[in-house]
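Trainee: Before we look at anything, could you help me see how the terms used for a protein model are justified by its values?

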Amino acid sequence: STHMGVPQGGTVIGSARCQDFRTREGRLKAARNLVKRGITNLCVIGGDGSLTGADTFRAEWSSLLAELVKVGGITAEEAKRSSHLNIVGMVGSIDNDFCGTDMTIGTDSALHRIMEIVDAITTTAQSHQRTFVLEVMGRHCGYLALITALACGADWVFIPESPPEEDWEDHLCRRLTETRLGGSRLNIIIVAEGAIDKHGKAITSDDIKTLVVKRLGYDTRVTILGHVQRGGTPSAFDRILGSRMGVEAVMALLEGTPDTPACVVSLSGNQAVRLPLMECVQVTKDVTTAMNEGRFDDALKLRGRSFQNNWNVYKLLAHIRPPSTKSGYTLAVLNVGAPAAGMNAAVRSTVRIGLIHGHRMLAVHDGFEGLAYGKVEEISWERVGGWTGLGGSKLGTKSNFGIHGLIIIGGFEAFTGSLELMEGRAKYEELCIPLCVIPATVSNNVPGSDFSIGADTALNTITTTCDRIKQSAAGTKRRVFIIETMGGFCGYLATMAGLAGGADAAYIYEEHFNIHDLQVNVEHLTEKMKTTVKRGLVLRNERCNENYTTDFIYNLYSEEGKGIFDCRKNVLGHMQQGGTPTPFDRNFGTKMGAKAVAWITGKIKECSRHGRIFANTDDSACLLGMRKRSLVFQPITELKEQTDFEHRIPKEQWWLKLRPILKILAKYNIELDTSEKAHLEHVTRKRISLESNI
């Protein structure tokens with residue numbers, strides 16, 4: 001077992017594309033090796049090629065054994081013992097080209113690399129007028145290109161699944177000219193390496209450069225990202241995804257019988273699912289066939305709901321100008337509470353999509369207070385152009401202007417403040433308007449959502465810091481680091497950073513610990529440090545226990561470790577709130593904003609009588625959250641029941657189920673609760689019931 005917390009990209013056990021395995025001879029050898037070692041369970045981590053190979057291998061298994069017995073490669077006894085081969089796949093492929101999976105292991109890290117480069121380019125480009133053409137990986141799949149375009153607000157994106165219209169050259173040049181006239185000094189065009197036109201002819205980054213230079217005379221640079229995208233340390237999301245999928249894969253193998261089909265474990269939204277390997281392979285092939293036959297609408301449909309969702313949001317946000325017809329409604333956006341990275345992405349998409357719906361958009365400065373004192377300004381189309389890549393909150397997060405709907409982006413205060421607004425509805429008719437809360441806080445402590453905007457960025461900041469701290473001591477003697485994370489009473493950051501950073505312990509408020517537990521942890525770590533392990537990592541949530549402070553824990557470990565290891569402590573503090581938002585937070589923010597506006601537009605129409613808005617039902621004030629597999633609107637009054645107001649956390653938190661994985665990875669012998677099983681579902685059926693409800 002390798003230690004997941006290693007900040008290492010790629011694979012420790014080595015990987016190769018094996019031509020030999022493509023032949024029956026090669027597969028015979030492989031089968032014999034497995035039988036001789038008594039291996040009947042195989043977990044295959046790879047992309048489309050590896051998984052297709054695994055599928056073939058399993059289908060041929062019994063005939064391979066029969067042939068081996070015949071030529072004396074194995075005995076009949078051995079064949080009987082290994083009569084059945086169980087296979088579970090995990091999709092590890094950076095271009096996310098395997099159908100049925102929302103996020104493949106490695107995609108998020110690749111996006112991190114790409115966005116680092118995009119951000120570097122955009123900062124230098126502000127001083128010169130330039131057009132950048134960026135080519136990202138994806139021979140048959142536009143996923144990376146699409147998400148990159150969404151995250152950086154690109155002017156244009158070329159993906160193989162949805163080629164541009166016949167006159168795209170004119171259209172592209174028109175768009176670039178208009179953005180220039182709008183005062184933008186920068187154009188970004190993203191190209192997937194497999195981009196094609198309607199006739200299947202390749203569209204290369206050089207073609208695009210030549211076009212822009214010839215027609216417009218713009219200074220144009222091409223950057224081909226190539227293998228940079230495969231490198232670097234894995235992101236926090238990928239490390240946790242890898243660990244979660246690993247557990248799922250083993251559980252699926254242990255439950256496998258000769259009758260269960262080989263499956264792939266994957267994530268759908270925030271839920272682990274199992275999908276039949278054969279079906280995923282088939283749908284992936286169907287996409288290629290559809291593209292080859294020019295059935296591009298089918299190709300998009302087969303890619304799945306998440307892909308289509310991203311594509312629709314991108315197309316909506318890429319509009320050059322708002323419509324000429326106005327809705328007559330006014331929407332206000334406000335940020336509440338501490339800043340969180342990704343808030344601006346949410347504000348930008350909320351405002352732009354509001355304007356596309358024809359609404360008048362207002363920004364309220366300084367939170368609820370600003371709302372009371374009338375610190376409000378109208379936001380125009382151009383003003384929110386470059387906001388996706390900014391950290392913090394650009395609106396500043398600190399009465400009635402004919403506001404017909406309110407979108408509140410923030411943390412726990414956004415939730416409690418909205419509840420107060422609801423209570424005020426009885427007294428003040430102006431408060432009888434639809435409102436929507438979008439959770440954005442590093443602590444991820446808002447009820448009604450598995451994730452909040454900003455938590456992924458904070459997690460990466462903590463993980464990177466832990467990596468650096470661990471590496472800083474490389475070569476010196478044995479050392480244990482005690483690190484305090486933020487989160488109020490919520491242990492999300494400490495737990496997830498512990499999973500991503502390979503912590504030996506993570507102390508949180510939700511999982512009560514006493515002197516006995518501390519003793520067990522210290523002794524376990526001391527034993528471990530007597531072996532070849534040189535680094536220990538202990539995380540502590542800032543409010544996990546008022547008496548067992550960070551200093552207390554530091555002193556305890558220092559005393560007990562004398563002669564074996566020494567200790568260092570670090571309180572991470574407010575650096576966790578800053579930083580450039582991660583691709584996950586930018587896209588999550590963008591999608592939440594888009595979804596909230598669509599919902600609130602519908603609600604305003606529903607509550608409108610003779611040109612006046614009157615909303616006083618519970619379902620006209622909702623919180624938009626990611627729950628398991630989908631984004632859902634939940635009345636905030638219903639969420640009251642699910643909240644521990646004293647500690648400002650939800651009563652039930654999904655991530656507590658991941659805590660045992662922490663202990664297992666820290667080499668504790670414990671029982672794993674496997675009662676929650678991911679059921680096998682079918683891809684083909686799932687694909688047909690598509691939602692396009694942006």
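What follows is a conversation about this predicted model, in which each term is set against its cut-off.

Trainee: Why is Lys-628 called partly exposed?

Mentor: The relative accessibility of Lys-628 is 48%, and the name partly exposed covers what lies between the limit for buried, under 20%, and the limit for exposed, over 50%, so Lys-628 counts as partly exposed. Lys-628 sits in the loop between β20 (621–627) and β21 (630–635).

Trainee: What makes the phi of Lys-628 worth a remark?

Mentor: The phi of Lys-628 is near 50°, which is a positive value in a residue other than glycine. Most residues other than glycine have a negative phi. Arg-648 also has a positive phi, near 55°, and this residue is found in the loop between β22 (643–644) and β23 (649–650). With a relative accessible area of 34%, Arg-648 is partly exposed.

Trainee: How do you know which strands stand at the edges of the open sheet with the order β1-β2-β7-β8?

Mentor: This sheet has 4 strands and its pairing is mixed. β1 (41–46) and β8 (271–276) each have a single partner strand, so one side of each is left without a neighbour in the sheet, and that is what places them at the edges. Neighbouring strands of this sheet are turned by 30° against each other on average, with direction ignored.

Trainee: What makes β1 and β2 a pair?

Mentor: Two strands pair if there are at least two bridges between them, and β1 and β2, which run parallel, are joined by 6 bridges, one of the contacts being between Cys-43 and its bridge partner in β2, Val-88. The parallel strands β2 and β7 are joined by 3 bridges, and Met-90 has Val-265 as its bridge partner in β7. Strand β7 (residues 263–268) pairs with β8 in the antiparallel sense over 6 bridges, where Val-264 has Leu-275 as its bridge partner in β8.

Trainee: How do you know that both faces of β2 are covered?

Mentor: On one side Asn-86, Val-88 and Met-90 are buried, and on the other Ile-87, Gly-89 and Val-91 are buried as well, which agrees with the count of 6 buried residues out of 6 in β2. Helix α8 (residues 236–255) lies across β1, β2 (86–91), β7 and β8, and runs at about 140° to β7. Helix α9 (residues 277–292) also packs on the sheet, where it touches β2, β7 and β8, and its direction makes about 80° with that of β8.

Trainee: Why are the buried residues of α6 said to be on the same side of the helix?

Mentor: The buried residues of α6 are Trp-168, Leu-172, Cys-173, Arg-175, Leu-176 and Arg-180. They cover an arc of only 160° around the axis, which puts them on the same side of α6. Among the elements that cover these residues are β3 (130–136), β4 (156–158), β5 (186–192) and α7 (205–216).

Trainee: How do you know that the span of α6 is close to what is expected?

Mentor: Helix α6 (residues 168–181) has 14 residues, and from its first C-alpha to its last it reaches 20 Å, which is close to the 20 Å expected at 1.5 Å a residue. Gly-183, whose phi is positive, near 100°, follows α6.

Conventions
Residues are numbered from 1 along each chain as its sequence is written. This is a predicted model: local features need pLDDT of at least 70, side-chain atom pairs count only at pLDDT 80 or more; totals for chains, interfaces and linings use all residues. Side-chain values use heavy atoms; hydrogens and water are left out. Helices (H or I, at least four residues) and strands (E, at least two) are DSSP runs, numbered from the N terminus. Buried means under 20% relative accessible area, exposed over 50%, partly exposed in between (1.4 Å probe, protein chains only). Axes are lines fitted to C-alpha atoms, for helices over the stretch in contact, and angles run from 0 to 180 degrees between N-to-C directions. Contact means heavy atoms within 4.5 Å. The expected span of a helix is 1.5 Å times one less than its number of residues. The arc is that of the directions from the helix axis to the C-beta atoms.
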